[in-house]
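Work through the exercises below with the sequence and the coordinates at hand. Each task is followed by a solution in steps.

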Amino acid sequence: MPNIYMKLKNFLPPFIFALMICLPVASTFGQKATPGKTAPDEKKLVQLSGVVTAPDGRSAIPFSTIHISHTFRGTIAGMDGFYSMVVGEKDTVEFHALGFKKLLFIVPTGNIDQKLTRNISLETDTLTEDPTIITPYLTKEEFRQAFLSLKLKDDLTERAKKNLDQETLRDLYETLARDGQENQLLTLQQIASSSYYAGGQKNYAMLGNGIPIPTSLLNPFAWVEFLKAVKDGRYKNKHKTDKEKNKLKDNTNHYDY
């Protein structure tokens, strides 16, 4: 074997010869690990579950995000705040929710049945942002130029006089539709006006013409009909005479009990 190494040393470059010498040594150290045993740095998986709530511990925080730090593995809590995900022992789990402070939780070791239940309460957080002013102009100089070139036709006094003009207000009164309160007031006034007319007349103002019909005492055609009925004797007193009453009394059947 030494003769073979000496021959190779003469034909091979120095760095390749050194590499060939180190390979058997590296393979020898790599075979020291006992097969069938778990490496000491391998993590034990745990099913982490719980509910994310507000500081009071009763109000659930819906749709909060839970993920393992420095990884892309995570989940989202439900509407009731419940979450469940697989993590490894000693992992750092982050809990996030809008309006609440971030919370870090380190998964402990020695969990029984590889299950862990942990309810998380997040503290409220107030977010403040700088105010944003939206203007139609790019710079202050453009706004200044537009403001100085603005020409108002009337001042505030002239505008007030035009708005309070009687003809303008009358036109608006005649053209604008009535609202619910005005329609209710008009209906009540029509019912009150029709109640002044006695005689059993119907409230024809409710039919749309707006004019209640008065009582028949002021109707000449009603008076003509009344005089004609009196002349025909339709209103005579039809009391029976004493003879007719006695005759009716004698014809009455008498029963003995």
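**Exercise 1. Two ring pairs in helices**

Task: Is Phe147 buried or exposed? Then classify the ring pair that Phe147 forms with Phe143, and the pair of Trp223 and Phe226.

Solution. The model is predicted.

Step 1. Phe147 has a relative accessible area of 56%. The cut-off for exposed is over 50%, so Phe147 is exposed.

Step 2. The rings of Trp223 and Phe226 have centres 6.1 Å apart and planes at 85°. Edge-to-face requires an angle over 60 degrees, so this pair is edge-to-face.

Step 3. Trp223 and Phe226 both belong to helix H7 (residues 220–231), where three residues, about one turn of the helix, separate them. With 42% relative accessibility, Trp223 is partly exposed; Phe226, at 39%, is also partly exposed.

Step 4. The structure holds four aromatic pairs. One of them is Phe143 with Phe147, at 6.2 Å centre to centre and 25° between the planes, which is a stacked arrangement.

Step 5. Phe143 and Phe147 sit four residues apart in helix H3 (residues 140–148), about one turn of the helix. Phe143 has 48% relative accessibility and counts as partly exposed. Together with Tyr137, Phe143 and Phe147 make up one aromatic cluster.

**Exercise 2. A charged residue in a strand**

Task: Which side chain of opposite charge is nearest to Glu94, and how far away is it?

Solution.

Step 1. Glu94 lies in strand S5 (residues 92–96) and is buried.

Step 2. The nearest side chain of opposite charge is that of Lys102, 4.5 Å away. A salt bridge needs a distance within 4 Å, so Glu94 has no salt bridge.

Step 3. The side chain of Glu94 does make a polar contact of 2.9 Å with the side chain of His96.

Step 4. Leaving aside residues up to four places away in sequence, Glu94 touches Thr65, Ile66, His67, Ser69, Lys102, Leu103 and Leu104.

**Exercise 3. The nonpolar core**

Task: Which residues of the largest nonpolar core touch the most other members, and which strands each supply at least two residues of this core?

Solution.

Step 1. The core has 18 residues, and those touching the most other members are Leu48, Ile66, Tyr83, Val87, Val93, Phe95 and Leu122.

Step 2. At least two residues come from each of strand S1 (45–53), strand S2 (65–68), strand S4 (82–88) and S5.

Step 3. Beyond four places in sequence, the residues that Leu122 touches include Val52, Ile61, Phe95, Phe100 and Leu103.

Methods. Residues numbered from 1 in each chain as written. Predicted model: local features only at pLDDT ≥ 70, side-chain atom pairs only at ≥ 80, totals over all residues. Heavy atoms only, no water. Buried < 20%, exposed > 50% of the residue type's maximum accessible area, 1.4 Å probe, protein only. Lys, Arg positive; Asp, Glu negative; His and termini not counted. Polar contact = N/O pair within 3.5 Å; in protein donor to acceptor, adjacent residues only side chain to side chain. Contact = heavy atoms within 4.5 Å. Phe/Tyr/Trp six-rings, centres within 6.5 Å; stacked < 30°, edge-to-face > 60°. Core = buried A, V, L, I, M, F, W, Y, C linked by side-chain atoms within 4.5 Å.
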